[in-house]
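Good morning, and thank you for making time for this presentation. Please look at the sequence and the structure before I begin.

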Amino acid sequence: MNVPRLVPDKKAVVRLLSGAAFLCALFFAPAARAAGDANLVLPDFGTASFRGISGTTILVGGLVIAVLGLVMGFVMSGALKRLPTHRSMGEISDLIYETCKTYLITQGKFILALEALVGLIMIVYFGMLRGFSAGKVAVILLFSLLGIAGSYGVAWMGIRINNWANSRAAFASLQGKPFPTYSIPLRAGMSIGMTLISLELLLMLSILLFVPADYAGSCFIGFAIGSSLAASALRIAGGIFTKIADIGSDMMKIVFNIKEDDARNPGVIADCAGDNAGDSVGPTADGFETYGVTAVALIAFVLLAVNDPAIQVQLLVWIFAIASLMIVGSALSYGINAVIAKARYQNAQKMNFEAPLTFLVWLTSLVSIGLNFAVSWLLLGSVGDGSLWWKLSAIMACGTIAGAVIPEVIKVFTSTNSGHVKEIVISSREGGASLNVLSGLIAGNFSAFWMGLVIMGLMALGYGVSTLGLIDFMVAPAIFAFGLVAFGFLAMGPVTIAVDSYGPVTDNAQSVYELSLIENVAGVHEEVQRDFGFRPDFDKAKDYLEENDGAGNTFKAAAKPVLIGTAVVGAVTLIFSIVVLLTDGLTINVEKLSLLHPPFLLGLIAGGAVIYWFTGAATQAVSTGAYRAVEFIKRHIRLEGVEKASVEDSKRVVEICTRYAQKGTVNIFLTVFLMALAFGCLEPFFFIGYLISIALFGLFQALFMANAGGAWDNAKKVVEVELKAKGTPLHAAVVVGDTVGDPFKDTSSVAMNPVIKFTTLFGLLTVELAVQLPRTTSLVLSVVFFLAALVFVYRSFYGMRIESETGSTDTSESVGESVKPV
């Protein structure tokens, strides 16, 4: 498949930023100082003993657990691959994978181009400002590439495993029982979750144990920036791609009154590829980056805020011991849940697909909390007055219980059984698409309110515990508490990833079933009976797949706020590192972190502005791309005399999705990148306000959009599955609502997570670069970077506007370009 190359004027962008980096190099070359995160030196872990076991030995034990977790993930994926599927379904699955593979290769080249830009700033920072040797700078850049490889690699793995699972789940549904339709997507998700978290832990423990102590701090920063860069690009591009394809495909149901995933619709293959690009690639890369960045934030805090080296060692060993236990707790909980679910549902003819997933989430949360308290007592029971262990465990438990509580709150607004979802359906009966959209907006707004209170409450509990004597061990214990709450969000990591990955498999399984046209295969009943030992039940299979897709929608929606909340709470810990730098350890300039310091207030306003631009830019890319996709599909769809759309037409739709995903991502990423440089150079406390603002505005905008989109999506599912009302005006109304919600839940909202973290991480370098400059110089650079950012802000709308091509019949012109090159 020919996927478009990167945007035509990429060289101009590279020249622009290379010139800016060269200016920075000239100005920064004379400056050097020895403070900051880059020069953090890790303590000797062998100096501390925990009940007779050295810290180094415990970390090596974590390394062994990580390796075993990887083995478990690979074994599960191998077993999944060996499950049976019908050849017609396997062929469709392979076609989807080939499309995804081409897309990922294109994205890989794009990410490397972005890394060249970010790498220039890193070279200036580490080589010229810090005065590091060329060899040390090269090592840091190597770890940045390792971070990219980690995020990119798990994204590729996620697509491959989910792609195996979709055809296997579709085929398993033919058995006429719901349990196999449930168990295969969860097994795929758990395979991804175990592999992802274990790989992350393996890499980070390797840095702790094997990288020289004076290199490790810089290598952690490089690793985190690289993983965050890749996750940001994959999240943004994947979110745009998938929703262009989804809207393009869904609108045909209204225009031509055809069924879901009609094989004659050339947009369906692109939609399936988009499910992987947006709902598999994005979350896996995002998950890898989230765990890494949160851990880096905690490491930086401990080394900056804790003065006693012995306490530093004890806290760092404890943090990574708990991280290792998340693998053990998740594996144990998955095994227990699998036994119980099999006993309850294996022979059932009907099941609530959400029930065993909910049980798994709660079980994992409680098991993780229990292990947390037990191991904390073993490792920290003798520290201080003997109470530190339960205080830290209680703070982390506030985050771990959130992993179960948040999905319950989200289900109130997005589940197929939700009152809000039912209201959307009811309002659509008489009010059509208009009231459907309004009801979805209401659900999103209410969900943001309640989710905000839940997150605030959990953070407040953590803060309350931090006041019980943690000040004896560190400065700003409340910030450490917030970081632990964020880490606690992730304490059931493999299961969180598993239930999030459940959704794209269930979605694609339904599509694979329809696209395979297995019901039309001559002698298929006899063939399946002969080769696989059962007689297929097509009616039950379709019902199970649609119901399971609703459960997948719910848990996709439930997992998003966990990652979003982690980004925001974890960003607080990262921002603290910048604050320590600017206030010389909280001894000077603390009064500037106040509304009484005008630049700080102005930074708060600027951050909100950027979040709303980001929302519009991401949605604009979807809107324009979807317009082009719909335009092309309407011209080329053939409903008479064919069973399937041509492969060539399907490829052209994929090209449209890829083209606009790349264009939108270039505009968005370079704006975010340049804004960080501009505001960092403008005034350091302005920049602190900016970082705080994008985190808070981003949190509520993301929660509102994600949950409104989830409610619209499952309202459509209720109409299709429970009411059996496809092809009616009610169905048309809920499809419109779903297409509005598509960029809400899967483009703008989810991409805020890596964008917040990348901006905050990059801010660590930006601020420290800027404070070394003469004031006039920093202002000049701020203006230059800001004007460059505005160029891409302008292009994110005016370069991406929908322009009519009335009267045009040239299909190459339709696909090609009424949008000006970015």
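Why does Cys100 form no bond with the closest cysteine sulfur, in Cys272? The sulfur of Cys100 lies 8.7 Å from that of Cys272, which is too far for a bond. A disulfide would require the two sulfur atoms to be within 2.5 Å. I should say at once that this is a predicted model. By that cut-off, the count for the model is zero disulfides. As for the surroundings of the cysteines, Cys100 is buried, at a relative accessible area of 2%. Cys398 is buried as well, at 9% relative accessibility.

I turn now to the salt bridges. The count comes to 26 salt bridges. Allow me to take three of them in turn.

Lys757 and Asp286 are joined through their side chains, with an N to O distance of 3.9 Å. This pair links distant parts of the chain, since Lys757 belongs to helix α19, residues 729-770, and Asp286 to helix α7, residues 268-305, with their positions 471 residues apart. Are these two partners buried or exposed? Lys757 has a relative accessibility of 2% and is buried. Asp286, with a relative accessible area of 1%, is buried too.

The second pair is Lys542 and Glu519, whose closest N and O atoms are 3.4 Å apart. Here too, distant parts of the chain are linked: Lys542 sits in helix α15, residues 538-582, while Glu519 is in the loop between α13 (493-516) and α14 (524-532), and the two are 23 residues apart. Lys542 is partly exposed, with 26% relative accessible area. Glu519 is likewise partly exposed, at 37%.

The third pair is Glu655 with Arg652, a salt bridge at 3.7 Å from N to O. Both residues lie in helix α17, residues 647-682, where three residues, or about one turn of the helix, separate them. Both are buried. Beyond such pairs, there is a network: salt bridges with shared partners connect Lys243, Asp246, Lys560, Asp713, Asp742, Lys745 and Asp746.

Next, the cavities. The model contains twelve cavities of 30 Å³ or more. The largest cavity holds about 150 Å³ of space. Which residues are closest to its centre? Of the 19 residues that line the largest cavity, they are Asp246, Asp507, Asp549, Asp713 and Lys716. Asp246 and Asp713 are also members of the salt-bridge network I described. The elements that give two or more residues to this lining are α6 (213-255), α7, α15, α18 (684-721) and α19. Among these elements, α19 gives the most, with four residues. What is the make-up of the lining by class? It comprises 18 charged residues, one polar residue and no nonpolar residue.

Let me now consider two individual positions and their contacts. Leu441 is in helix α11, residues 419-466. Its relative accessible area is 26%, so Leu441 is partly exposed. With residues up to four places away in sequence left out, Leu441 touches Phe704, Trp712 and Phe744. In addition, the C-alpha atom of Leu441 is 8.3 Å from that of Met705, a residue 264 positions away along the chain.

The other position is Thr416, in the loop between α10 (388-414) and α11. Thr416 is buried, at a relative accessible area of 15%. Which residues does Thr416 contact, leaving aside its neighbours within four places in sequence? They are Glu354, Lys422, Gly550, Thr554, Asn714, Lys717, Val718 and Glu722.

Finally, a word on backbone geometry. Most residues other than glycine have a negative phi. Two residues in this model deserve mention in that respect. Arg51, in the loop between β1 (49-50) and β2 (53-54), has a positive phi, near 50°. Lys724, in the loop between α18 and α19, also has a positive phi near 50°. Where do these two stand in terms of accessibility, buried or exposed? Arg51 is exposed, with a relative accessible area of 53%, and Lys724 is exposed with a value of 53%.

In closing, I would return to two points. The model has zero disulfides, and its salt bridges number 26. Thank you for your attention.

Notes. Residues are numbered from 1 along each chain as its sequence is written. This is a predicted model: local features need pLDDT of at least 70, side-chain atom pairs count only at pLDDT 80 or more; totals for chains, interfaces and linings use all residues. Side-chain values use heavy atoms; hydrogens and water are left out. Buried means under 20% relative accessible area, exposed over 50%, partly exposed in between (1.4 Å probe, protein chains only). A salt bridge is a side-chain nitrogen of Lys or Arg within 4 Å of a carboxyl oxygen of Asp or Glu. On a 1 Å grid over the protein atoms alone, a cavity is a set of points where a 1.4 Å probe fits but cannot get out, and a pocket is an open set with protein on both sides within 12 Å along at least five of seven lines; lining residues have an atom within 4 Å of a point. Grid points are joined across faces, edges and corners, and a volume is the space filled by probe spheres set on the points. Ala, Val, Leu, Ile, Met, Phe, Trp, Tyr, Cys and Pro count as nonpolar, Asp, Glu, Lys and Arg as charged, and the others, Gly among them, as polar. Contact means heavy atoms within 4.5 Å.
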